[in-house]
Amino acid sequence: MTLASPETRPQELDVSRIDPAALRVLQRLQEYGHQAFLVGGCVRDLLMGRTPKDFDLVTSASSRQVRALFPQSVGFGGQRFLVVQVRTEGGKSLEVASFKVRRSKNVSGPDAQVLPDDVLAELPQDVGTLEQDARTRDFTVNALYCNGASGRVLDPLGQGLSDLQANLLRIVGEPEEYLRDDPGGMLRGARFAARMGMAFEPRTAEAMNQMSGELARCSRKRVLSEVLRGLGTGTGAPFFRMLSSQGWLPLLVPPVARHLEGGPEVERRFFAHLEAVDRSLQENPRIDELTLACALLLPVAAPPAGGLPAPEAMGTVLEELVRGAPEFLTLPRHGQHLIATLHGVLKAPEAVPADNPLLPGARRLAALLG
């Protein structure tokens, strides 16, 4: 969706489209004298006429102060980030982060665990300003803020709104420095570009082309997580076309890269399959990681003449996919069982036990096969 001209583009959001729970959290923080804003993807998506998946908040309050204001909350984070998860009515959780001073480095280590209050109390609380926080964001279109009650949109960098208008993804600051610190940002950018139908601004595109070799420094876990997230957005076909055009597939998804060496007709069928996956996800976005990985690899693991892959063939392809990522090592075995269940669904559905936990995933894959 293209926004209005620079003279008329919206500087305010329709507050009625903002999650009421997020508005209440913002109001409480502001009542206690703290700056507080909606930030990032939710602001961007609302400006683009999309429905945000999440509403993330940022504030001048420290994590300890946020935790004290909301009894139904927990500190959460690890090596790269620290947020307070505020639990609201209906079982929702909203993430509230303090203004950052600098970007987080792409370091290894635990990054998603509940932090007890005594641990939270001892963590350094280096809280920045709104302007500093904006400079820590990845892309300018994600450095937009909304104060909630009035719906007013702030653009501290002075580029986010114009880039959104122009449908451009621009890395905040020096793109080479950002990609050197976090090469996985290239995959994140490709995912955003495919999902939102955006192009990279020239300097960002040049940096990504020149520094593509840095992707080899990414952990296998990060690569697989980004690839599956890119596939799971319902825009997997354009995402994988982008990975292919950048020459990244041999490094990121070797089985797919090798499969596409089969020629134009193989490539055409593979992307037609991904378009079918996209349609399925657009109708029903709820899908587990195992089913998603197998959906991607159905044509790769299939016999050369086509048809349904054998369970062992899917297991072999999945083993290659997850090599180097111990967090995903159960995927090949579970993938074999899923494909075995798929065979049962297609040949004798009445014989598949109704309590088989893989049955929903097998039915999803069966629908993809027509």
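How many helices and how many strands does the chain have? The chain has 18 helices and ten strands. Bear in mind as you look around that this is a predicted model.

Here is the broad view. The chain runs to 370 residues, and buried residues make up 49% of them. Now take the contacts between residues at least 6 apart in sequence: 70% of these join residues at least 24 apart.

**Around strand 5**

Let's start with strand 5, which covers residues 93-98. Strand 5 pairs with strand 4 (residues 82-87) in the antiparallel sense, over four bridges. In this pairing, R87 sits opposite S93 of strand 5. Strand 4 and strand 5 form a hairpin with five residues between the strands, and in that hairpin G90 takes a positive phi near 85°.

Strand 5 has another partner to look at. Strand 2 (residues 57-59) pairs with strand 5 in the parallel sense, over three bridges. Here T59 stands opposite S98 in strand 5.

T59 belongs to strand 2. Is T59 buried or exposed? T59 has 0% relative accessibility, so it counts as buried. Leaving out residues up to four places away in sequence, T59 touches L29, H34, Q35, A36, V66, V96, A97, S98, F99 and V127. So if you click on T59 in the viewer, you can pick out S98 both as the residue opposite it in strand 5 and as one of its contacts.

**Two more buried residues**

Next comes D138. You'll find D138 in the loop between helix 5 (130-135) and strand 7 (145-146). D138 has a relative accessible area of 8%, under the 20% cut-off, so it is buried. Its side chain and that of N142 are joined by a polar contact of 3.0 Å. Setting aside neighbours within four places in sequence, D138 is also in contact with R103, R170, I171, V172, Y178, R188 and F192.

Further along the chain is H343, in helix 17 (residues 331-347). With a relative accessible area of 17%, which is also under 20%, H343 counts as buried. Which residues does H343 touch, not counting those up to four places away in sequence? They are L308, P309, A310 and P311. One of these, P309, offers its backbone oxygen, which the side chain of H343 reaches at 2.8 Å. P311 is 32 residues from H343 in sequence, yet the two are 8.6 Å apart in space, C-alpha to C-alpha.

**A pocket and a cavity**

Now for the empty spaces. The second largest pocket holds about 330 Å³ of space. Its lining is made of 16 residues, and H259, R269, P299, A302 and G306 lie nearest the pocket's centre. Helix 14 (264-283) and helix 15 (289-301) each supply at least two residues of this lining. Helix 14 gives the most, with five residues.

As for cavities, the count comes to one of 30 Å³ or more. The largest cavity has about 30 Å³ of space. Which residues line the largest cavity? The lining consists of V277, S280, L281, I287, A295, R364 and L368. Helix 14 and helix 18 (359-368) each bring at least two residues to the lining of this cavity. Helix 14 again has the largest share, here with three residues.

The table sets out the two linings by class of residue.

| Space | Volume | Nonpolar | Polar | Charged |
|---|---|---|---|---|
| Second largest pocket | about 330 Å³ | eleven residues | four residues | one residue |
| Largest cavity | about 30 Å³ | five residues | one residue | one residue |

If you'd like one element to follow through both spaces, try helix 14: it supplies five residues to the lining of the second largest pocket and three to that of the largest cavity.

Definitions and conventions. Residues numbered from 1 in each chain as written. Predicted model: local features only at pLDDT ≥ 70, side-chain atom pairs only at ≥ 80, totals over all residues. Heavy atoms only, no water. Pairing = 2+ DSSP bridges. Buried < 20%, exposed > 50% of the residue type's maximum accessible area, 1.4 Å probe, protein only. Polar contact = N/O pair within 3.5 Å; in protein donor to acceptor, adjacent residues only side chain to side chain. Contact = heavy atoms within 4.5 Å. 1 Å grid on protein atoms, 1.4 Å probe; cavity = no way out; pocket = protein on both sides within 12 Å on 5 of 7 lines; lining within 4 Å. Points joined across faces, edges and corners; volume = space filled by probe spheres on them. Nonpolar A, V, L, I, M, F, W, Y, C, P; charged D, E, K, R; others polar.
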